[in-house]
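Hi,

Here is the structure I promised to pass on. Have a look at it first, and then read my notes below.

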Amino acid sequence: MKGVVFNILEDMVTEKGGLQMWQKVLDKAGVDGGYTAVSTYSDDEMFSIVGAVVEELGIPAEEVIGAFGVYMFGQLASRYPVFTDSASDLFTFLESIDSVIHLEVKKLMTETNLPSISCTREGEKLLVMNYRSPRKLCILAEGLIYGAAEHYGCGIKIDHPVCMHKGADHCDLQVSLTDE
Ligand code: ZN
């Protein structure tokens with residue numbers, strides 16, 4: 001995983017608990033810190049840090065990862081506005097992730113482990129995203145989708161009836177627009 005993701009996680013933890021909290025997290029995870037945005041670090045290192053955040057902040061992993069996704073979307077949107085500028089509404093943006101955004105991200109970060117996502121519209125208010133990734137980070141994907149919804153100013157709910165963590169070969173993320 002690219003260092004920029006670690007940088008964003010560091011920002012999130014420091015905003016909540018200061019540099020002291022981030023240092024505690026690094027100590028607990030047994031890592032050095034000092035991540036460079038464009039360098040690549042192991043996924044395991046990221047998971048150790050997330051595990052340490054879970055323990056230090058006392059909140060469940062799913063919540064940490066979900067919150068991180070929302071936060072990460074905001075950060076990515078402000079660092080790389082080209083990703084959101086090209087789509088005028090949430091569903092168009094989500095549909096463009098696989099073809100446009102991952103391509104751009106690959107150019108930018110030479111990232112090779114990106115998930116594959118295919119979208120199907122099932123009516124005006126429902127988009128089903130079929131997610132496949134060897135990393136099984138569907139909870140992070142949910143967080144990112146909530147972050148995107150916030151960016152586009154729409155209320156959504158996500159149902160996740162089919163999941164790789166429950167033995168399926170992919171996840172179905174059903175994104176419904178709500179009225180708020
Ligand atoms: Zn899943």
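Let me start with helix α3. Its 19 residues should span 27 Å at 1.5 Å a residue, and the end C-alpha atoms sit 26 Å apart, so the expected and actual lengths agree. Bear in mind throughout that this is a predicted model.

Plenty of α3 is tucked away: V64, I65, G66, F68, G69, Y71, M72, F73, Q75 and A77 are buried. Q75 caught my eye in that list. The helix it belongs to covers residues 61-79, and its relative accessibility is 19%, so Q75 counts as buried because the cut-off is under 20%. What does Q75 touch, once its neighbours within four places in sequence are set aside? The contacts are I8 and D11.

Now for the metal, which you'll probably want to zoom in on. Which protein atoms hold the zinc ion? The donors are SG of C138, NE2 of H160, SG of C163 and SG of C171, at 2.2 to 2.3 Å from the ion. Angles between these four donor atoms run from 101 to 116°, so the arrangement is tetrahedral; for that label, all angles have to lie between 85 and 135 degrees. If you want to find the donors in the sequence, look for the spacing C-x21-H-x2-C-x7-C.

Two of those cysteines, C138 and C163, link distant parts of the chain, being 25 residues apart. C138 belongs to helix α6 (residues 138-151), while C163 is in the loop between β3 (156-162) and β4 (171-177). Are they buried or exposed? C138 has a relative accessibility of 1%, so it counts as buried. C163 comes out at 8%, and therefore counts as buried too.

Over in helix α1, which takes in residues 3-29, there is K24. With 46% relative accessibility, K24 counts as partly exposed. Its C-alpha is 8.4 Å from that of A52, although 28 residues separate K24 and A52 in sequence.

Last, the overall layout. The domain assignment splits out domain 1 (3-59) and domain 2 (88-178) in the protein chain. Between the C-alpha centres of domain 1 and domain 2 there are 24 Å.

That's what I have for now. Shout if anything is unclear.

Cheers

Terms used:
Residues are numbered from 1 along each chain as its sequence is written. This is a predicted model: local features need pLDDT of at least 70, side-chain atom pairs count only at pLDDT 80 or more; totals for chains, interfaces and linings use all residues. Side-chain values use heavy atoms; hydrogens and water are left out. Donors are N, O and S atoms within 2.8 Å of the metal (3.2 Å for Na, K and Ca); water is not among the atoms, so sites may look incomplete. Four donors count as tetrahedral if all angles lie between 85 and 135 degrees; four count as square planar and six as octahedral if opposite donors are over 155 degrees apart and all others between 65 and 115; anything else is irregular. Helices (H or I, at least four residues) and strands (E, at least two) are DSSP runs, numbered from the N terminus. Buried means under 20% relative accessible area, exposed over 50%, partly exposed in between (1.4 Å probe, protein chains only). Contact means heavy atoms within 4.5 Å. The expected span of a helix is 1.5 Å times one less than its number of residues. Domain bounds come from an automatic or database domain assignment.
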